[in-house]
Amino acid sequence: MTITSSSIIKDVETIRKNAPLVHNITNYVVMNTTANALLAIGASPVMAHALPEVEEMAGIAGALVINIGTLSDAWIEAMFKAAKKAEQRQIPIIIDPVGVGATQYRTRTARELIQASAPSIIRGNGSEIIALCGQEQKTKGVDSTSESDQAIDSAKALVNEFDCVVCITGKIDYIVSGTGIIQVENGHAMMPRVTGLGCTATALCGAFSAINQNYDMAAAHAMAVMGIAGEMAAQNAKGPGSLQVNFIDALYQLSETHIKEYFKA
Amino acid sequence: MTITSSSIIKDVETIRKNAPLVHNITNYVVMNTTANALLAIGASPVMAHALPEVEEMAGIAGALVINIGTLSDAWIEAMFKAAKKAEQRQIPIIIDPVGVGATQYRTRTARELIQASAPSIIRGNGSEIIALCGQEQKTKGVDSTSESDQAIDSAKALVNEFDCVVCITGKIDYIVSGTGIIQVENGHAMMPRVTGLGCTATALCGAFSAINQNYDMAAAHAMAVMGIAGEMAAQNAKGPGSLQVNFIDALYQLSETHIKEYFKA
Amino acid sequence: MTITSSSIIKDVETIRKNAPLVHNITNYVVMNTTANALLAIGASPVMAHALPEVEEMAGIAGALVINIGTLSDAWIEAMFKAAKKAEQRQIPIIIDPVGVGATQYRTRTARELIQASAPSIIRGNGSEIIALCGQEQKTKGVDSTSESDQAIDSAKALVNEFDCVVCITGKIDYIVSGTGIIQVENGHAMMPRVTGLGCTATALCGAFSAINQNYDMAAAHAMAVMGIAGEMAAQNAKGPGSLQVNFIDALYQLSETHIKEYFKA
């Protein structure tokens with residue numbers, strides 16, 4: 001299983017053509033930046049979390065993204081309801097278990113969510129994937145304390161249990177699925193200093209899986225685009241402030257030429 | 001009814017001098033960016049949604065902006081209470097029916113809000129205005145699927161029913177009121193790729209209507225300023241990321257010279 | 001009591017080395033920008049407000065920041081619970097009484113919070129500190145209507161009552177404590193035009209107090225870093241949009257050389 005410059009650009013062009021509606025139930029910190037990232041790549045984001053409307057919104061969406069970054073009980077109920085609807089409609093469900101391992105509330109909620117409605121893609125940093133799998137807690141707040149390769153066994157266990165794709169992000173991204181592991185080596189060291197770029201990676205998995213039913217490829221394409229846009233953004237960045245701005249510009253500008261130049265095959 | 005470079009700059013200068021307090025009950029996605037837009041043009045924004053304080057906050061504000069972008073039941077209750085207070089004080093109420101037509105929850109809430117306390121200005125994209133008027137749902141998430149001119153009849157019906165100004169934004173903005181229609185043709189094609197610029201347009205209606213009781217003129221001035229700042233911002237933008245940053249700078253810099261140069265009379 | 005270029009850089013380097021976890025229960029408007037500011041200076045931010053997890057999160061944090069900018073009852077309950085845990089663990093509690101004086105709800109909540117668990121540092125603008133102390137309301141929304149020096153007596157009263165540090169920000173920042181007053185004169189006139197920079201100042205107090213138990217020094221260092229980064233940011237800013245971006249970059253770049261060049265001793 002592999003991805004190429006051509007397979008990446010093909011998906012990007014499909015997103016730009018179809019503008020898939022991505023329904024996000026996500027955290028307060030990143031709502032603005034993930035909506036902007038989705039718009040920049042060509043998707044159509046909507047944020048909706050109210051119990052009375054999540055089913056209807058998931059009912060018109062091309063993908064459902066659930067991110068537990070700033071949980072509360074009312075939102076959890078809406079997450080379950082939206083996921084159930086997405087499952088019925090067989091649209092992809094993408095889960096971001098932010099901060100799993102930092103508190104029992106997050107760990108329990110994330111596990112119950114994936115058990116209730118099997119996700120298509122789980123994306124987290126190494127510590128989160130390890131904690132989600134039930135191993136010793138290593139998460140400090142929401143930042144990773146583990147290298148991504150340390151989480152591969154945990155990812156494999158999740159893949160087996162939930163028949164899903166697990167995307168571990170870090171210096172190297174590992175997209176683990178039933179058919180093997182895809183590695184993506186793009187990215188820039190300054191990216192973890194921008195809040196919510198992990199959440200953006202998850203949201204982009206929503207856009208790519210909405211238009212590509214090979215969810216391992218979709219996730220790998222999303223990670224490649226994240227890394228390439230991050231590298232493009234870092235070229236003229238003076239710090240994480242300008243990196244964040246340039247990153248959105250890069251998603252918008254992203255062309256076949258950029259992908260061919262930056263993609264580390 | 002018409003607006004001119006002179007009438008626009010006059011209102012901008014009054015906002016800068018008076019710094020009207022604009023009370024926003026708005027969505028999570030845009031709180032930061034609309035607060036920054038209001039500060040940049042010279043107004044004083046406050047975001048407050050708690051039931052125990054919305055009346056008191058609306059009681060000291062110069063305008064109330066209600067935006068249903070990320071609704072929930074507790075917030076709806078606060079919206080009604082704040083609107084009632086604003087109505088009693090006869091300060092302008094501006095409604096942004098984000099995503100009306102996408103879910104029944106939004107459609108019902110928006111209609112009940114405008115029926116309970118008549119708004120001074122309703123601002124939405126074409127699909128939202130059509131859906132708010134009760135016609136066939138055409139909204140896909142929160143992005144418009146209709147051209148703004150298709151919504152003029154719906155806008156007229158709302159104007160008649162609620163004795164308000166309806167502002168339809170799109171490639172051309174139509175400010176529809178009892179005295180006619182004002183067209184504003186400023187703006188840039190990249191603006192819809194920045195999340196929440198529609199919400200910012202609504203928030204600016206709050207600032208302008210707080211200092212100009214001719215609400216059709218106030219709304220038209222706000223739309224002209226949006227479009228002009230958008231065009232100024234686009235000149236050095238490499239994508240929606242830098243457009244968003246430049247847009248705030250442009251609101252801050254906006255001078256009579258800029259308005260005379262850019263305004264399409 | 002005084003701070004120097006050397007004492008400032010020493011704390012900045014400790015933050016960068018230790019990456020203290022700062023637990024924020026803060027307002028929706030600034031979550032993204034304060035998380036980015038904490039990451040840029042080298043701290044590790046986490047935002048968590050759910051009643052079932054705030055104790056556990058405060059239990060692993062190096063500091064707790066409570067900001068009442070967009071209050072609601074459910075969040076208030078979590079604020080008390082987190083503060084109690086922070087008090088037990090003797091980690092610093094930093095309070096930002098946003099908009100105190102604008103509504104009774106904010107005034108009452110802020111007072112009850114500081115009475116329940118004594119804060120280490122209170123940071124507010126002049127009007128907020130005066131209102132928190134129980135004097136005549138002068139707050140218009142969330143913007144200050146008083147000069148910072150007018151609030152010194154109120155700050156002294158709060159220091160005496162709660163045995164805490166009070167940080168009044170404005171053109172000049174006054175850090176008032178039991179051992180005297182430290183003045184910080186860095187900063188730029190455009191900073192109040194960026195929403196939430198006051199909240200960022202409070203969040204930075206969290207990062208500095210997590211690694212420096214002299215809370216008056218920690219608060220003064222945080223204010224000096226705010227002001228210096230603001231001046232650095234303003235050099236190439238065309239308005240508040242680019243100021244906000246440059247400010248994050250400046251926090252990231254901040255070196256001993258910058259501090260020596262900009263710090264107004």
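**Chain B: its sheet and the side facing chain A**

User: In this predicted model, what makes E7(B) and E8(B) a strand pair?

Analyst: Strand E7 of chain B, residues 173-177, runs antiparallel to E8(B) and shares 5 bridges with it. Pairing takes at least two bridges, so the two strands qualify. Within that pair, Tyr174(B) sits opposite Gln183(B) of E8(B).

User: And why are E2 and E8 of chain B said to stand at the edges?

Analyst: Look at the strand order in chain B: E2-E1-E3-E4-E5-E6-E7-E8, an open sheet of 8 strands with mixed pairing. Strand E2 (44-47) and strand E8 (180-184) of chain B each have a single partner strand, so one side of each has no neighbour in the sheet. From one strand to the next, the twist averages 20°.

User: How do you know that H2(B) packs on that sheet?

Analyst: By its contacts: helix H2 of chain B, residues 31-41, touches strand E1 (21-25) and E2 of chain B. A contact here means C-beta atoms within 7 Å. The direction of H2(B) makes about 155° with that of E2(B).

User: What makes up the side of chain B that touches chain A?

Analyst: On the chain B side, 27 residues are in contact with 26 residues of chain A. H2, helix H5 (104-116) and helix H10 (240-253) of chain B each bring at least two residues to it. H10(B) gives the largest share, 4 residues.

User: How does that side of chain B split by class?

Analyst: There are 12 polar, 10 nonpolar and 5 charged residues. Gly counts as polar in that tally.

Terms used:
Residues numbered from 1 in each chain as written. Chains lettered and ligands numbered in written order. Predicted model: local features only at pLDDT ≥ 70, side-chain atom pairs only at ≥ 80, totals over all residues. Axes fitted to C-alpha atoms, helices over the stretch in contact; angles between N-to-C directions. Contact = placed C-beta atoms within 7 Å.
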